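Student: I'd like to go through the labels on this model and ask what earns each of them. Can we take it piece by piece?

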Amino acid sequence: MRKFILGTAMALVISTAAHAETIGVSMALFDDNFLTVLRNGMQDYAKTLDGVTLQVEDAQNDVAKQQSQIQNFIASKVDAIIVNPVDTDATTAMSKIAADAGIPLVYVNREPVNVDTLPDKQAFVASNEQESGTLETKEVCRLLGGEGKAVVMMGELSNQAARMRTKDVHDVVATEECKGIEIVEEQTANWSRTQGSDLMTNWLSSGIEFDAVISNNDEMAIGAIQALKAAGKDLSKIVIGGVDATQDALAAMQAGDLDVTVFQDAAGQGKGSLDAALKLAKGEKIEKKVYIPFQLVTPENVKDFVAKN
């Protein structure tokens, strides 16, 4: 009887170990509001799953550091890897490293340059960036009545999201309804609130006149709002848009400072990327691209949106 009990216990341990999975996660940057929500969503979801352990690393916006983290994950024999890329143009090399090692890899949020040629056991989970910049700019156009001058704040140009959202702006402005809008300035502020404020201060000091600020994300838009307020500008006469629907952005909208944002489900992307990584680790087939929808948020629906989220 004692041998039977010991044998049963040992079988249980082996069975549990067989179902335990370790997922290595390399985030581009911990010190980013949106990516923090994404990372927390992933970690909170992992806590609800039996036998799933996350090893989360901060690449600190350093491509070489991120590649080293991926190599370390492989050396430690993780079951799968999730990467939020520092530089989306560097993902081909990352994909090769993981593919050569036979370890599944999932990119999250930032679209890899090789998204259409990902190796087997690799996928991309995010929201379709063509929707974000398009929804934002169409609403800015509507508020302007299809006419006016706009400045565009771009994210890090090494990120596909910044390039795509900026292209969306130009595509919308080229339409019949919005062709009366002129883009008078377009510069990067690297997703940063501080740099957004500095850029806006420079524009104001240069005497640039505009009716709208179209920002690739909320953080830069909030920086622009801070600089405009410091300069004594009447925000009721300037349309300001962003993307992400962060808590700070929603508060700015409820305060009457931000006119447009687009909800990108950061926590949902985190959960979706972990689901994808676990399925690939088990040898299951999944779609190469998994998209989580965007949602337009305006002063008209912000109260209901906050209540539901």
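Tutor: Sure. Keep in mind that this is a predicted model. Let's start with helix H9, residues 247–254, whose buried residues are Ala249, Leu250, Ala252 and Met253.

Student: What makes you say that the buried residues of H9 line one face of the helix?

Tutor: Look down the axis of H9: the buried residues fall within an arc of 160°, so they line one face. The general background is that an α-helix has 3.6 residues a turn, so residues three or four places apart point the same way.

Student: And what do the buried residues of H9 pack against?

Tutor: Two helices and two strands: helix H8 (218–230) and helix H11 (302–308), plus strand E10 (261–263) and strand E12 (295–297). After H9 comes Gly256, with a positive phi near 90°.

Student: On to the sheet. Why are E2 and E11 called edge strands?

Tutor: The open sheet has six strands in the order E2-E1-E3-E4-E5-E11, paired in parallel. Strand E2 (52–58) and strand E11 (289–291) each pair on one side only, and that is what the edge label refers to. Neighbouring strands in this sheet are turned by 20° against each other on average, direction ignored.

Student: How do you know that E5 and E11 count as paired?

Tutor: Pairing takes at least two bridges. Strand E5 (residues 122–126) and E11 run parallel and are joined by three bridges, so they qualify. Within that pairing, Val125 stands opposite Val290 in E11.

Student: Which strands does helix H2 lie across?

Tutor: H2 (residues 33–47) lies across strand E1 (21–27), E2, strand E3 (80–83) and strand E4 (105–108). Against E2, H2 runs at about 160°.

Student: Now charges. What makes Arg163 and Asp89 a salt bridge?

Tutor: The cut-off is 4 Å between a side-chain nitrogen and a carboxyl oxygen. For Arg163 and Asp89 the closest N and O atoms are 3.4 Å apart, so the pair passes. Arg163 sits in helix H6 (residues 160–173) and Asp89 in the loop between E3 and helix H4 (91–101), so the bridge ties together parts that are 74 residues apart in sequence.

Student: Why are Arg163 and Asp89 called partly exposed?

Tutor: Buried means under 20% and exposed means over 50%. Arg163 has 33% relative accessibility, so it lands in between. Asp89 has 44%, so it gets that label as well.

Student: How do you know that Glu139 and Arg142 are about one helical turn apart?

Tutor: They are three residues apart in helix H5 (residues 129–144), which means a separation of about one turn. Glu139 and Arg142 also form a salt bridge, with the closest N and O atoms 2.7 Å apart. Glu139 has 8% relative accessible area, so it is buried, whereas Arg142 has 52%, so it is exposed.

Student: What about Lys179 and Glu176: why are they called exposed?

Tutor: The line is drawn at over 50%. Lys179 has 54% relative accessibility, so it counts as exposed, and Glu176 has 60%, so it does too. This pair forms a salt bridge with the closest N and O atoms 3.0 Å apart.

Student: How many salt bridges does the structure hold?

Tutor: Eleven. There is also a network of salt bridges linking Arg193, Glu219 and Asp248.

Student: How do you know that Glu111 has no salt bridge?

Tutor: The nearest side chain of opposite charge is Lys289, 5.8 Å away, and the cut-off is 4 Å, so no bridge is counted. Glu111 is nevertheless buried. It lies in the loop between E4 and E5 and, leaving out residues up to four places away in sequence, touches Thr88, Phe124, Gln160 and Tyr291.

Student: Last one: what makes Asn61 and Lys77 worth pointing out?

Tutor: Neither is a glycine, but Asn61 has a positive phi of about 60°, and Lys77 has a positive phi of about 60°. Asn61 lies in the loop between E2 and helix H3 (63–75), while Lys77 is in the loop between H3 and E3. With 33% relative accessibility, Asn61 counts as partly exposed; Lys77 has 68%, so it is exposed.

How values were computed:
Residues are numbered from 1 along each chain as its sequence is written. This is a predicted model: local features need pLDDT of at least 70, side-chain atom pairs count only at pLDDT 80 or more; totals for chains, interfaces and linings use all residues. Side-chain values use heavy atoms; hydrogens and water are left out. Buried means under 20% relative accessible area, exposed over 50%, partly exposed in between (1.4 Å probe, protein chains only). Helices (H or I, at least four residues) and strands (E, at least two) are DSSP runs, numbered from the N terminus. The arc is that of the directions from the helix axis to the C-beta atoms. Contact means heavy atoms within 4.5 Å. Axes are lines fitted to C-alpha atoms, for helices over the stretch in contact, and angles run from 0 to 180 degrees between N-to-C directions. Lys and Arg count as positive and Asp and Glu as negative; His and the chain ends are not counted.
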